[in-house]
Amino acid sequence: MLRSSVRRIDEMLWRRGFRAQEVRVLLRNQLLVTAVSLLAGLGLGWINGWLFWFGVGAVLSTFNFYAVARFVQQVVYKPYDRSMMYGMLFRFYGRLGLTGLILFGLIVWLKVSVSALVAGLSTIVAAIAVWGLLRLAGQNVKEA
């Protein structure tokens, strides 16, 4: 089941323009972590709301990473066009502002646990660290 989910997510990301394998792997792993944490938060959130808000933070983190990965691929793989760059920068800063407003609303108005949101937001940092350590461990380096 997990293998078929991984394959479906990879195919979906490929169709959406994520051609770089490493970016696709990172994004796929982040999507899986987010799905598990959100499902656990929805299922067990009635015991402790912290887990649910952790999942919400992971969703915000995934949304931002997805947008940044897409932005970087558009900049790297498409020819330079000034109007396209302005549009991408506008979307980048618009998303950043929207994320800030969402976090502000969650923390100030809803009094959500800041530690839960920060832990959820840092899932992408953990995913990148694990990915980097696995790549480092997998390298066959021979020194002279």
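Biologist: Which residues make the nonpolar surface patch of about 680 Å²?

Modeller: In this predicted model, the nonpolar surface patch is made by Phe104, Ile107, Val108, Trp109, Leu110, Val114 and Val118, and comes to about 680 Å². The elements that give two or more residues to this patch are α4, covering 82-109, and α5, covering 114-121.

Biologist: Which element gives the most to the nonpolar patch?

Modeller: Helix α4 gives the most, with four residues. Val108, one of the residues of the patch, is found in that helix, α4.

Biologist: Is Val108 buried, partly exposed or exposed, and how should I read the value?

Modeller: A residue is called buried under 20% relative accessible area and exposed over 50%, with partly exposed in between. Val108 has a relative accessible area of 34%, and therefore counts as partly exposed.

Biologist: What is unusual about the phi of Lys111, and where is this residue found?

Modeller: As a general idea, most residues other than glycine have a negative phi. Lys111, although it is not a glycine, has a positive phi of about 55 degrees, and this residue is found in the loop between α4 and α5. With a relative accessible area of 64%, Lys111 is exposed.

Biologist: Turning to charge, which residues gather in a patch of positive charge on the surface?

Modeller: The patch of positive charge is formed by Arg15, Arg16, Arg70, Lys78 and Arg91. Among them, Arg70 lies in helix α3, which covers residues 49-77, and because its relative accessibility is 33%, Arg70 counts as partly exposed.

Biologist: How many positive and negative charges does the protein have, and how far apart are their mean positions?

Modeller: There are 16 positive and 5 negative charges in the protein, and the mean positions of the two sets are 8 Å apart.

Biologist: What does the secondary structure of the protein come to, and which pattern does it follow along the sequence?

Modeller: The protein has six helices and zero strands, so that the pattern read along the sequence is α-α-α-α-α-α, by the way helices and strands are assigned here. Taken along the principal axes, the C-alpha atoms fill a box of roughly 50 × 45 × 35 Å.

Biologist: What share of the residues is buried, and what belongs to carbon and sulfur atoms on the accessible surface?

Modeller: Of the 144 residues in the protein, 28% are buried, while the accessible surface comes to about 9,800 Å², with 70% of that area belonging to carbon and sulfur atoms. For contacts between residues at least 6 apart in sequence, 64% join residues at least 24 apart.

Methods
Residues are numbered from 1 along each chain as its sequence is written. This is a predicted model: local features need pLDDT of at least 70, side-chain atom pairs count only at pLDDT 80 or more; totals for chains, interfaces and linings use all residues. Side-chain values use heavy atoms; hydrogens and water are left out. Buried means under 20% relative accessible area, exposed over 50%, partly exposed in between (1.4 Å probe, protein chains only). Contact means heavy atoms within 4.5 Å. Accessible areas come from the Shrake-Rupley method with a 1.4 Å probe; for residues, only the protein chains shown count as cover. Lys and Arg count as positive and Asp and Glu as negative; His and the chain ends are not counted. The place of a charge is taken as NZ of Lys, CZ of Arg, CG of Asp or CD of Glu. Patches are made of residues with over 30% relative accessible area and no salt bridge: like charges are joined within 9 Å, nonpolar side chains (Val, Leu, Ile, Met, Phe, Trp, Tyr) within 5 Å. A salt bridge is a side-chain nitrogen of Lys or Arg within 4 Å of a carboxyl oxygen of Asp or Glu.
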